[in-house]
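Reader: I am new to reading protein models and would like to understand one part properly. Could you choose a single side chain, explain what holds it in contact with its surroundings, and then place it within the rest of the model?

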Amino acid sequence: MKIVVSACLVGFSCRYDGKANTVDWIKKLYQKGFALPVCPECFGGLKTPRTPCEIIENKVISAKGEDCTVPYLYGAFQALLLAQQFGAKFAILKAKSPSCGVSQIYDGTFTRRLICGDGMFTRLLRQNNFFVCTEKDNIGKCVQIFYDSLYGRNKLL
């Protein structure tokens, strides 16, 4: 199985603050050739480090009030194209990110308050029938659901 993953989870220092969010088992997937690391924000031309952004009414706005929607969408599209070329249909993404958040993102007030919603890249992946989860999810359960959706119940077990 080929997987697309948020590059920061593999250890690339591409977060908005210039840091990584390395998760050892995801890094091992990459080292073994099973995972393709992507950073839609970098692919969109945004620098590292950069001003934090959050989604407000389907626009990506920086903490300085700048509209960053275009680079976020462009980067998401570029990351989607790479994921498709890699042959992935499964993604493990950084929780709460305005690009990669899955089911929960920050509310746009920059107060760390969470709301239901997906990041821009996650939205695009879902529209293209990718199965998405975060590094915080029960990955075994996610993989089982993914395989069930492809092959029918309990084929992985």
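Author: A definition is needed before we begin: a polar contact is a pair of N or O atoms within 3.5 Å, and within protein one of them must be able to donate a hydrogen and the other to accept it. Please also keep in mind that this is a predicted model.

The side chain I have chosen is that of R50, which is located in the loop between helix 3 and strand 3. At 2.7 Å, the side chain of R50 reaches the backbone oxygen of C14. The side chain of R50 is also joined to that of E41 by a polar contact of 2.5 Å.

The pairing of R50 with E41 can be described in a second way. Side chains of opposite charge can pair when their charged atoms come close. E41 and R50 form a salt bridge, with their closest N and O atoms 2.5 Å apart. Where do these two partners lie, buried or exposed? Both E41 and R50 are buried. For R50 the relative accessible area is 12%, and R50 therefore counts as buried, since that term applies under 20%.

The loop that holds R50 has another feature to examine. P49 is likewise found in the loop between helix 3 and strand 3. The peptide bond leading from T48 to P49 is cis, and its omega is near -5°.

Let us now set this salt bridge beside others. Searching the whole structure gives five salt bridges. One of them brings together the side chains of R113 and D107, at 2.8 Å from N to O. R113 has a relative accessible area of 51% and is exposed, whereas D107, at 14%, counts as buried. Another salt bridge is formed by the side chains of D118 and R126, at 2.7 Å from N to O. D118 is buried, with 14% relative accessibility, while R126 is partly exposed at 36%. In the pair made by E41 and R50, by contrast, each partner is buried.

The elements on either side of our loop also lead to the largest pocket. Rolling a probe the size of a water molecule over the atoms shows where empty space is left. The largest pocket contains about 550 Å³ of space. Helix 3 (40-43) and strand 3 (53-56), together with helix 1 (7-10), each contribute at least two residues to its lining. In total, 27 residues line the largest pocket, and R15, Y16, S97, P98 and Y106 are the ones nearest its centre. Sorted by class, that lining consists of 15 nonpolar, five polar and seven charged residues.

From the loops we may turn to the strands, with strand 5 as the example. In a regular strand the side chains alternate between the two faces of the sheet. Strand 5 covers residues 90-93, where F90 and I92 point one way and A91 and L93 the other way. Are these four residues buried or exposed? All of them are buried. Strand 5 has a parallel partner in strand 1 (residues 3-6), with three bridges between them, and I92 is the bridge partner of V5. Strand 5 also runs parallel to strand 8 (residues 131-134), to which it is joined by four bridges. There, A91 stands opposite V132 of strand 8.

Two loop residues deserve a word on backbone geometry. N58 is in the loop between strand 3 and strand 4 (59-62), and although N58 is not a glycine, its phi is positive, at about 65°. N58 is exposed, with a relative accessible area of 53%. K96 lies in the loop between strand 5 and strand 6 (104-106). K96 is not a glycine either, yet its phi is positive, at about 75°, and K96 counts as partly exposed at 25% relative accessibility.

A last residue may serve as a contrast in setting. T122 belongs to helix 5 (residues 120-127) and is buried, with a relative accessible area of 0%. T122 and T109 are 13 residues apart along the chain, and their C-alpha atoms are separated by 21 Å.

To return to the side chain with which we began: R50 is a buried residue whose side chain meets the backbone oxygen of C14 and forms a salt bridge with E41.

Methods:
Residues are numbered from 1 along each chain as its sequence is written. This is a predicted model: local features need pLDDT of at least 70, side-chain atom pairs count only at pLDDT 80 or more; totals for chains, interfaces and linings use all residues. Side-chain values use heavy atoms; hydrogens and water are left out. A salt bridge is a side-chain nitrogen of Lys or Arg within 4 Å of a carboxyl oxygen of Asp or Glu. Buried means under 20% relative accessible area, exposed over 50%, partly exposed in between (1.4 Å probe, protein chains only). On a 1 Å grid over the protein atoms alone, a cavity is a set of points where a 1.4 Å probe fits but cannot get out, and a pocket is an open set with protein on both sides within 12 Å along at least five of seven lines; lining residues have an atom within 4 Å of a point. Grid points are joined across faces, edges and corners, and a volume is the space filled by probe spheres set on the points. Ala, Val, Leu, Ile, Met, Phe, Trp, Tyr, Cys and Pro count as nonpolar, Asp, Glu, Lys and Arg as charged, and the others, Gly among them, as polar. Two strands pair if DSSP finds at least two bridges between them.
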